[in-house]
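Biologist: Could we go through the terms used for this model one by one, setting each value against its definition?

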Amino acid sequence: VSYWRKGKHLAESVRTPRYRLVTWRDGDGLVVATELYDHATDPAESVNIATEHPEIVRALLNADTPKD
């Protein structure tokens, strides 16, 4: 898990061998954006697949590693 700040938003990144999940939170701690990238098909992280794969997002948010 890694963290960084961009303006007023805080990002938290969770990485597995296949996926990277980034959640952006506002100053109140509310999630304002979610990004999910599949490094098997998109190593450059150019296509956010979070809305297409909510089950992977949930698994990573719960610290479970999805099966590849």
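Modeller: Let us begin with leucine 21, whose bridge partner in strand 4 is leucine 36. This is a predicted model, in which local features need pLDDT of at least 70 and side-chain atom pairs count only at pLDDT 80 or more, while totals for chains, interfaces and linings use all residues. Residues are numbered from 1 along each chain as its sequence is written, and side-chain values use heavy atoms, with hydrogens and water left out.

Biologist: What makes strand 3 and strand 4 a pair?

Modeller: Two strands pair if DSSP finds at least two bridges between them, and seven bridges join strand 3 (residues 19–25) to strand 4, the two running antiparallel, so the criterion is met. The strands themselves are DSSP runs of E with at least two residues, and helices are runs of H or I with at least four, both numbered from the N terminus. Arginine 20, for its part, stands opposite tyrosine 37 in strand 4.

Biologist: Why are strand 1 and strand 4 said to stand at the edges?

Modeller: The four strands form an open, antiparallel sheet in the order 1-2-3-4. Strand 1 (2–6) and strand 4 each have a single partner strand, so one side of each is left without a neighbour in the sheet. From one strand to the next the twist averages 20°, and helix 1 packs on the sheet, touching strand 2 (9–15), strand 3 and strand 4.

Biologist: Why is leucine 36 called buried?

Modeller: Buried means under 20% relative accessible area, exposed over 50%, and partly exposed in between (1.4 Å probe, protein chains only); leucine 36 has a relative accessible area of 0%, and is therefore buried. Leaving aside neighbours within four places in sequence, leucine 36 is in contact (heavy atoms within 4.5 Å) with residues including Tyr19, Leu21, Val47, Ile56 and Leu60.

Biologist: And why is glutamate 45 described as partly exposed?

Modeller: Glutamate 45 has a relative accessible area of 22%, which lies between the two cut-offs, so partly exposed is the term that applies. Glutamate 45 is found in the loop between strand 4 (31–38) and helix 1 (54–61).

Biologist: What is notable about the phi of glutamate 45?

Modeller: Most residues other than glycine have a negative phi. Glutamate 45, although not a glycine, has a positive phi of about 55°.

Note on methods: Axes are lines fitted to C-alpha atoms, for helices over the stretch in contact, and angles run from 0 to 180 degrees between N-to-C directions.
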